[in-house]
Amino acid sequence: MILRPGILRRTLVTAAACSTLVLTACSGVTGNARVEAAEASGDGTLRVGLILDNTGQNGFLNAPQLAAAKLAVQEINAAGGHKGRPVELLPTDTGQDAALQAQALVAAKADVVIGPTDSSHAAAAIDVLSRARTPLISPANTAAGLSNISSGGYYFRTASADVAQGPVLVKLAKDAGATSVAVMYQEGSYGKELSDAVAASAEQAGVDVLATAAFTPGDARSAANAAGNTGPGAVIVIARDGAQGALAELANSRVDGKLLILSDGAFGRYGSGVAAGYLEGARAVVPGQLPDADFQARLLTVDPALKDVSFAAEAYDAVTVAALAAARAQDDAGRSIAANLIAVSGGMAEGSAGGAAAEPCPSYKDCLARLKSGPDANYDGESGPVAFDANGDVTAATFTVFTYGADNNPVMSGRETAGRASN
């Protein structure tokens, strides 16, 4: 059974958008738990909490993350659990308010929490959990500004930041023979930050940026004309809710649909929503990689009704790398987990010696054996390499590439991986 990734228009937050009140609250914990030594203080049972913050049309995103977390805990326990005791997955309470879920998980003695999905909910959850010295690992937050959010070192994410796709968008253009691009982006933090990342990547790749045009939803005509009139080798479209209107205006401006490269926010099944056959040959990127058949089959043993696997791999890896951090520390307390996450992910903290990472290990069982025979593990999981950096971000990003057919709908056509420069 092939499960396809869902389409999510994620709300973004930047450091500047975090209000003064929130920033002050998020700054309530001093120090940096990612690199500070921590004394063992756990009670011997590793408890994992899960924030499921999706409601309404995005409610379907809860199921794959819950199934992945359950699968990870099952497989960790099958390998011996934490110090011979079963890891516990705390009961979930789906809802929009991430802060209330975080408070409930603290009360339930969670040692680590996985979530939330929506970037705009991260600050509220970080505020609660960092004060409780509980690490938060999001499988889905992508807002660039979260790299610098004040968390006392308790915030990590197994999803890459939005700006990581900049080099990939440029590479797709260059691989197709384009020596120049035009960029059409939707106004807002997502569009501006990713547009800047594309420009920087294009300069490094020797690709000329002939035009950069901003638009607002429902008012994309002038931007489409500006992008098309330069005669670019490719047009990179960076958008979210304004994507369909932007594509319609590009068609009206007689920009060849084969030249279009769409950001993850613009990815979608357009069908009759744009001119017949217009998108044939266009390409788009989506963060992450489709789970392989084995991982899909394992997920289905947990939830036979599962129809979507969005963020499942990232959620599974978040639980697994947290359990490995506890194993390395020989302690289940949040501070100990936070202090060991970078090491077991194969990453590198700022100011570290910079030695070679250990050979990758693909599972909790394999990495646990590595920890028993040496000082470090290097977990490469279902979503690919993790390798947290000093900001708690992954340092390599994998993207699935889709190519559109004559029906204006996408079909998976490849995969690209790019490094992500820390902000």
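In this predicted model, Ala182 touches Ala211, Ala227, Thr230, Pro232, Ala234, Val235 and Ile236, leaving aside residues up to four places away in sequence. Ala182 lies in strand β6, which covers residues 180–186. Is Ala182 buried or exposed? Its relative accessibility is 0%, so Ala182 counts as buried. Gly228 is 46 residues from Ala182 in sequence, yet their C-alpha atoms are 7.6 Å apart.

Let's turn to the nonpolar cores. In soluble globular proteins, nonpolar side chains tend to be buried together. Here the largest nonpolar core holds 54 residues, and those with the most contacts inside it are Ile137, Leu299, Val319, Ile337, Leu341 and Phe388. At least two residues of this core come from each of the elements below.

| Element | Residues |
|---|---|
| β1 | 47–50 |
| α2 | 62–78 |
| β3 | 112–114 |
| α9 | 293–302 |
| α10 | 312–329 |
| α11 | 334–345 |
| α12 | 364–373 |

With 13 residues, α10 gives this core its largest share. Leu341 touches Ile137, Phe156, Val321, Ala322, Ala325 and Phe388, again without residues up to four places away in sequence. A second, separate core has 30 residues, among them Val235, Leu262, Leu279 and Ala284. Val235 is also one of the residues that Ala182 touches.

Finally, a look at a helix pair. The axes of α2 and α9 are 9 Å apart and the helices pack at an angle of about 95°, so the two are roughly perpendicular to each other. On the α2 side, Ala67, Ala68, Lys70, Leu71, Gln74 and Glu75 meet Phe295, Arg298, Leu299 and Val302 of α9. By class, this contact comprises six nonpolar, one polar and three charged residues.

Note on methods: Residues are numbered from 1 along each chain as its sequence is written. This is a predicted model: local features need pLDDT of at least 70, side-chain atom pairs count only at pLDDT 80 or more; totals for chains, interfaces and linings use all residues. Side-chain values use heavy atoms; hydrogens and water are left out. Helices (H or I, at least four residues) and strands (E, at least two) are DSSP runs, numbered from the N terminus. Buried means under 20% relative accessible area, exposed over 50%, partly exposed in between (1.4 Å probe, protein chains only). Contact means heavy atoms within 4.5 Å. A nonpolar core is a set of buried Ala, Val, Leu, Ile, Met, Phe, Trp, Tyr and Cys residues joined through side-chain atoms within 4.5 Å. Axes are lines fitted to C-alpha atoms, for helices over the stretch in contact, and angles run from 0 to 180 degrees between N-to-C directions. Angles under 35 degrees count as roughly parallel, over 145 as roughly antiparallel, 65 to 115 as roughly perpendicular and the rest as oblique. Ala, Val, Leu, Ile, Met, Phe, Trp, Tyr, Cys and Pro count as nonpolar, Asp, Glu, Lys and Arg as charged, and the others, Gly among them, as polar.
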